[in-house]
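Reader: Could you walk me through this fold, beginning with the sheet and then going on to the helices?
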Amino acid sequence: MTTEQKPAPDITKNAGDTELWVERTGKRLYTGRNSRGAEVLIGSVGVENVFSPGELLKIALAGCSGLAADAKLSHYLGDDVDVTIKASGMSDTEEDRYPAIAEELVVDLSALDAATRERLINLVHRAIDSHCTVGRTLDVGATVQLTVTGER
């Protein structure tokens with residue numbers, strides 16, 4: 001029996017052919033941009049009006065979880081359902097990484113009976129486990145390839 005291997009994904013492309021980049025805008029300050037016109041300010045913890053890279057990682061995870069669960073939540077609770085997803089986790093300074101990240105999805109389920117509430121919670125977990133690309137990537141890890149382009 002032969003096992004057919006999936007071809008490696010093209011790491012030179014993004015979904016929708018969106019371009020992503022960061023530009024240095026000051027000392028330890030960068031602006032992240034995409035080709036659709038969005039931007040985010042990136043800097044060190046303690047600097048006002050910026051996200052740190054670690055905060056962006058956690059925000060990306062929370063946003064991905066929200067998007068993955070959104071159809072189930074709005075189906076059961078209506079299109080105007082209020083949802084907040086909190087993300088937290090301290091870095092391990094010796095290893096310079098986040099060993100764990102916690103998420104808390106906050107939504108009012110009081111209008112649902114106990115059985116429906118339990119079914120929705122299970123559906124939300126399954127949707128996030130199956131469709132949150134950021135969470136799935138963090139669960140198994142990803143290789144990172146860095147190329148430095150410049151004059152020598």
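Author: What follows is a conversation about the strands, the loops, the core and the helix packing.

Author: Before that, a word on conventions: this is a predicted model, in which local features need pLDDT of at least 70 and side-chain atom pairs count only at pLDDT 80 or more, while totals for chains, interfaces and linings use all residues. Residues are numbered from 1 along each chain as its sequence is written, and side-chain values use heavy atoms, with hydrogens and water left out.

Reader: Fine. Which strands form the open sheet, and in what order?

Author: Three strands form it, in the order E1-E2-E3, and their pairing is antiparallel; strands here are DSSP runs of E with at least two residues, helices are runs of H or I with at least four, and both are numbered from the N terminus. E1 and E3 are the edge strands, each pairing on one side only, and the twist averages 25 degrees from one strand to the next.

Reader: How many bridges join E1 and E2?

Author: Six bridges, in the antiparallel sense, link E1 (residues 20-26) with E2 (residues 29-34), where two strands count as paired if DSSP finds at least two bridges between them. Within this pairing, Trp 21 has Arg 33 of E2 as its bridge partner, and Val 22 has Gly 32 of E2.

Reader: And on the other side of E2, how many bridges are there to E3?

Author: E2 pairs with E3 (residues 39-43) over five bridges, again in the antiparallel sense, and Gly 43 in E3 is the bridge partner of Leu 29.

Reader: What does Leu 29 touch, leaving out residues up to four places away in sequence?

Author: Leu 29, which lies in strand E2, touches Glu 23, Arg 24, Ile 42, Gly 43, Val 47 and Val 50 on that count, contact meaning heavy atoms within 4.5 Å. Leu 29 counts as partly exposed because its relative accessibility is 27%, given that buried means under 20% relative accessible area, exposed over 50% and partly exposed in between, with a 1.4 Å probe and protein chains only.

Reader: Now the turns. Which residue takes a positive phi in the hairpin of E1 and E2?

Author: Arg 28 does, with a phi near 55 degrees, in a hairpin that has two residues between the strands. Arg 28 is not a glycine, and at 60% relative accessibility it counts as exposed. In the hairpin of E2 and E3, with four residues between the strands, Gly 37 takes a positive phi near 100 degrees.

Reader: What about Asp 96, where does that sit?

Author: Asp 96 is in the loop between strand E4 (84-88) and strand E5 (102-106), and has a positive phi near 55 degrees despite being a residue other than glycine. With a relative accessible area of 67%, Asp 96 is exposed.

Reader: Let's move to the interior. Which residues make up the largest nonpolar core?

Author: That core has 12 residues, among them Leu 61, Cys 64, Ala 68, Val 107, Leu 120 and Ile 128; a nonpolar core is a set of buried Ala, Val, Leu, Ile, Met, Phe, Trp, Tyr and Cys residues joined through side-chain atoms within 4.5 Å. Helix H1 (53-77) and helix H2 (114-131) each supply at least two residues of this core, and the largest share, five residues, comes from H1.

Reader: So how do H1 and H2 pack?

Author: Their axes are 8 Å apart at an angle of about 155 degrees, the axes being lines fitted to C-alpha atoms, for helices over the stretch in contact, and the angles running from 0 to 180 degrees between N-to-C directions. H1 and H2 are therefore roughly antiparallel to each other, since angles under 35 degrees count as roughly parallel, over 145 as roughly antiparallel, 65 to 115 as roughly perpendicular and the rest as oblique. The residues making the contact include Ser 65 and Tyr 76 of H1, and Thr 116 and Leu 123 of H2.

Reader: Does another helix come into this, and if so, at what angle do H1 and H3 cross?

Author: The axes of H1 and helix H3 (residues 133-140) come within 7 Å and cross at roughly 125 degrees, and H1 and H3 are therefore oblique to each other. Leu 57, Ala 60, Leu 61 and Cys 64 of H1 make this contact with Thr 133, Val 134, Gly 135 and Leu 138 of H3.
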